[in-house]
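Ready for some practice in reading a protein model? Have a look at what is shown here, then work through the exercises at your own pace.

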Amino acid sequence: MGKIDFNKLNKTPKITKVSILDQDGKIIDDDLMPDLSDEELVSLFKKMIWSRVLNDRSTKLNRQGRLGFFAPTLGQEASQVASEFAMDKQDFLLPAYRDVPQLVLHGLPLSKAFLWSRGHIEGNKYAEDLAALPPQIIIGAQYVQAAGVALGLKKKGQANVAYTYTGDGGTSQGDFYEGINFAGAFKAPALFFVQNNHYAISVPREKQTAAQTLAQKAIAAGIPGIQVDGMDALAVYAVTKAARDWVVAGNGPILIETLTYRLGAHTLSGDDPKRYRSQEEWEKWNKKDPLNRMRKYLEDKDLWNEEEEDIWVNEVNAQIDEAINEAEQVERQKVSEYLQHTYVDTPANIQAQIEKFQAKEAE
Amino acid sequence: MAKLTMIKAITAALDEALKSDEKVLIFGEDVGQNGGVFRATEGLQAKYGEERVFDTPLAESGIAGLATGLAFQGFRPVPEIQFFGFLFEAMDEVAGQISRERFRMGGTRKMPITIRAPFGGGVHTPELHSDSLEGLVAQTPGLKVVIPSDPYDAKGLLISAIQSDDPVVFLEHMKLYRTLKQEVPEGSYTVPLDQAAIKREGQDISIITYGYMVQESLKAAQELEKQGINVEVLDLRSVSPLDEAAILKTVEKTGRVVLVQEAQRQAGINAQVAALIAEKAILNLQAPIGRVDAPDTPYPFSEAETLWLPNKKDIVAKVQEIMNF
């Protein structure tokens, strides 16, 4: 047997990266242009603005103490909104804690999203036909569960996908790998998104793995992996739409890495990004703002203008006002209700505690 | 009626469940064509097809995540963890996810999952096969934890567990799989999930126990009878929730109690039962609560099992001590 030269062994597979719209709002790859009408393009952009306004208002509401837990989405509008835009209402969403925009666009009333942020059980009471779960706090758990939901859809013969999101840090978890590997082994209809926003709190993506891309981790599961410019809404939409079609056709799961950037803090619970990243880096990414380039693109096509944007921003603000007021009017939580929801068939020891708390709550 | 071992009774229960509800799915490592490492699922894939009974990749968290996702799609998953010592790999899905889903979604969803897993000592397994970890899951709100001690209960409890809309951890003691045969009715029947059972009536002292220790306690009771001590043996069957009424009733009746578990003293369920008795029946006690359990070390190397595991002799000695207090 000859000597094995480890220097010559392949460490970095070739991963395709898709871009359509450049930083100036010009189409750089017309062949990949998704099939969207003018109305749909405007609708997509309006949802991105909605997400931006929601981020800004949520930050303020958090500062005022009117919202609780909040993970900023600033900069990730293309990655989040354009991927959701490619989905069907009956597709099943398993979001992580930063993926509230997709959840609301998928059908969760905004007032419930605010109740989730505040820490109220009403925020997680989902209508029966809402194909989604509340935001997942345990990083990676949504991935193994997505494999199960996808297998369920397949067994029912339903032409839908399960889709889930994690961040760059999340790709280091065991559940991340188990999730994509199970879905692959069962050829289940799942779309796995990795929103690579380059930081897991303070830890840069380079410290998560020696792998050159996160998309290539798909190879370990034997499924396709692809990178997309996550600051480019048209590219995210085009890749997601095509991937969804491929998955629904029974070909198994796909891993999509969106290259994006968290322009804000990790959460509003005391994180200060100035401690771990430079102003230069932030400015470099801020120039890639997904809204700016989409706005330029639509303005060049004469589909959007400043006046329309002002009207829309006001409308979104009004929706947010209404939702937060609604959330604040919801009755206080009861421990007796907590106990009632812990089991379907309530055991005697829990029943005794229900009675105890009902008496306390009646005081 | 047929005389069955516990493993055959379990297979019969799974067969009934698959037959009566097409949403029931059985999956895990080697449960399909192989019929399980203990033959618990033998013949089921051949009878119901690969859509209903199937193998998974070797990853416990993935298996439990699969169960969670399938439950959200309306299925009734019955996953298997090959040995309960491997629970740690799936602990988030079991105790961080499945147990909480109904609660966290305000009652709008349910998790009708039954997690089956063998455990228990006395059969010289390698590391982390035999550990008694029921205390970990019994401490988790939202789960029910069931441990049968004989073939009749195993079948009836497993059918109840699978029919239950709550998640149930169903623990099967390996030493009970084939050491005991019992008359088990054919067809479907249920044993309630929240009820203990008196396995031997007595007047002088109560032994409260579960799992393989029920059989060991029954043997101890026979020996104690010869010494003129009449022992009542209460089999908890469900370690979460506890059947408080049955526990208090037997203590009120005999006034003396010995709690017996295979788990280490700091683990298991004995402390919870002791606290309940101290809280609600202290005036009925004529002696302190006695406890029989394993030493507080990790589960022993297999050659030391007989030395380490609690047995009939330990139970007899403890009963005598409490009787003579």
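Below are three short exercises on this predicted model, each with a worked solution.

**Exercise 1. Describe the make-up and overall form of chain B: how many helices and strands are there, and what is the radius of gyration?**

Step 1: Start with the elements; chain B holds 13 helices and 14 strands.
Step 2: Next, take the radius of gyration of chain B, which is 19 Å, and set it beside the 20 Å that the globule rule gives for 325 residues; the values are close, so chain B is as compact as a globular protein of that length.
Step 3: Finally, look along the principal axes, where the C-alpha trace of chain B spans about 60 × 40 × 40 Å.

**Exercise 2. Find out what share of the residues of chain B is buried, and what the chain exposes.**

Step 1: A residue is buried if its relative accessible area is under 20%.
Step 2: With that cut-off, 65% of the 325 residues of chain B are buried.
Step 3: Turn to the outside: chain B exposes about 12200 Å², and 50% of this area comes from carbon and sulfur atoms.
Step 4: For the charges, chain B has 33 positive and 45 negative ones, and their mean positions lie 4 Å apart.

**Exercise 3. Work out where the domains of chain B lie and how many residues take part in their contact.**

Step 1: The domain assignment places domain 1 of chain B at 2-184 and domain 2 at 197-324.
Step 2: Their contact involves 26 residues from domain 1 of chain B and 20 residues from domain 2 of chain B.
Step 3: Taken over C-alpha atoms, the centres of these two domains of chain B are 26 Å apart.

Terms used
Residues are numbered from 1 along each chain as its sequence is written. Chains are lettered from A and ligands numbered from 1 in the order in which they are written. This is a predicted model: local features need pLDDT of at least 70, side-chain atom pairs count only at pLDDT 80 or more; totals for chains, interfaces and linings use all residues. Side-chain values use heavy atoms; hydrogens and water are left out. Helices (H or I, at least four residues) and strands (E, at least two) are DSSP runs, numbered from the N terminus. The radius of gyration is taken over C-alpha atoms; the globule rule is 2.2 Å times the number of residues to the power 0.38. Buried means under 20% relative accessible area, exposed over 50%, partly exposed in between (1.4 Å probe, protein chains only). Accessible areas come from the Shrake-Rupley method with a 1.4 Å probe; for residues, only the protein chains shown count as cover. Lys and Arg count as positive and Asp and Glu as negative; His and the chain ends are not counted. The place of a charge is taken as NZ of Lys, CZ of Arg, CG of Asp or CD of Glu. Domain bounds come from an automatic or database domain assignment. Contact means heavy atoms within 4.5 Å.
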